[in-house]
Amino acid sequence: MKNTIKNMIDFELLTRVRNSVNADLFLPEKNNLVSIIPLEFFSHSLKVLIDGKIFIAEIDEKIPLKAELIAFVVEKNPITLSLNLTHLLTKNKNILFEQISEIFKITNTERFKELISKIILEEKPLIKSKYLQLEKITQRIKVKDLELTLLINLVWKYSEKEIPQILDLYENLFAISFSTVCKYLFNSIKNLLLNQEDIYLLNEVNSKLIYDTKRENTSALQNKSEILLNLIKYFNDSNYISTDIDEFIKFSSIYILQKSVFKDYDFYPDFVVIKRGSGLSFIKYNIKKLYLSNGLPSYKLEFEHGEIPAKVKGFLRNNFLVGSIDIEKYDSNILQKEINDLKNGINEKWQIKTELNINEDQIYFAENNFHKNGINKLVS
């Protein structure tokens, strides 16, 4: 009966034809990068083009339809792809950049390498249209470090229609980088201590904004937004007028607003003012909250001391910090003493054990083994 119905598929014939074909001839090779284009979502799967061939994919990632992406072939049969390319950065970066450049047909420049690296390290799916948007924006606004990382998160979250709002955010609130805001705020705090005689004000600054190594007042190590907001209200209510206070209010306000944006994307940058003897110094740091495949949190850390030419990068999990120290030219004996003091201080005050002598690629590779790896099975 079925053979009399127009366009009805003869399943028996289809099965014989399928079985006569060597499926491996049509499958992408293992450990290669491939171009994929999602075409249509079903209830729990997705029709997708892989290098021009149609497959049905089981996929958890939320990816845009009809956009070109790059994936890594984990297994050939059954086809298993990963949208997470972080592990490839620990191998041969130059080959990776060349392959991505060839697939996307985009010139392999230094800027291209910088943006691609940042996108991959943020574990974002490598989408050509999103990359082109990011490249266009960074031609208009010059950003790096934390602000560039935030920009990637914004571009990947919002559609092209929201680009004007993103540009407005960067041309106003982020016209000054968070790192620079912290430096200006640090200088404003020092100026207040030098030029103000208000006892209440001096007590608030000393007890809540400055970490004294003798008193170990931990409130100075916490988020300063609420403390700064209370001081701004105090200045306004007291009708204080001075250049130092104007500067303090200006950079405190920018600090509070920038922190609120970063928090939405699990970034927690900050700085700590430290008093040793009669001098003040500060440590800048950034914490990125991550989530492991078992749902438990992990933290990516970066921090640097204002007086020591070294930057610490690492991952914190279960009270164990594993990381590396990038060192500029410096007296090795003095630097080693500072590093040992830092490690001992972290252990004694926060009960965190440290291993700070392996390189950055090794840390990321070790930590990435505990991440959700973004693997998606694709069935032909």
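How many residues apart in helix H4 are Arg111 and Glu114? They lie three residues apart, which is about one turn of the helix. The views below come from a predicted model, and each one looks at charged side chains that pair up.

**View 1. Arg111 and Glu114 form a salt bridge within helix H4.** The two side chains meet at 2.6 Å, N to O. Arg111 is partly exposed, with a relative accessible area of 27%. Glu114 is partly exposed too, at 31% relative accessibility.

**View 2. Lys113 and Glu110 meet in another salt bridge of helix H4.** Here the N to O distance is 3.5 Å. Helix H4 covers residues 110-121, and because Lys113 and Glu110 are three residues apart in it, about one helical turn separates them. Glu110 counts as exposed, with a relative accessibility of 60%.

**View 3. Lys30 and Glu75 join distant parts of the chain.** Their side chains form a salt bridge at 3.6 Å, N to O. Lys30 sits in the loop between helix H1 (11-19) and strand S1 (33-41), while Glu75 belongs to strand S4 (residues 69-75), so you are looking at partners 45 residues apart. Both ends are partly exposed: Lys30 has a relative accessible area of 41%, and Glu75 has one of 36%.

**View 4. Lys224, Lys259 and Asp270 share a network of salt bridges.** In this close-up, look for the side chains of two lysines, Lys224 and Lys259, linked in the network with Asp270.

For the wider picture, the model holds eight salt bridges. Among them are the pairs Arg111 with Glu114, Lys113 with Glu110 and Lys30 with Glu75.

Key:
Residues numbered from 1 in each chain as written. Predicted model: local features only at pLDDT ≥ 70, side-chain atom pairs only at ≥ 80, totals over all residues. Heavy atoms only, no water. Salt bridge = Lys/Arg side-chain N within 4 Å of Asp/Glu carboxyl O. Helix = DSSP H or I, 4+ residues; strand = E, 2+ residues; numbered from the N terminus. Buried < 20%, exposed > 50% of the residue type's maximum accessible area, 1.4 Å probe, protein only.
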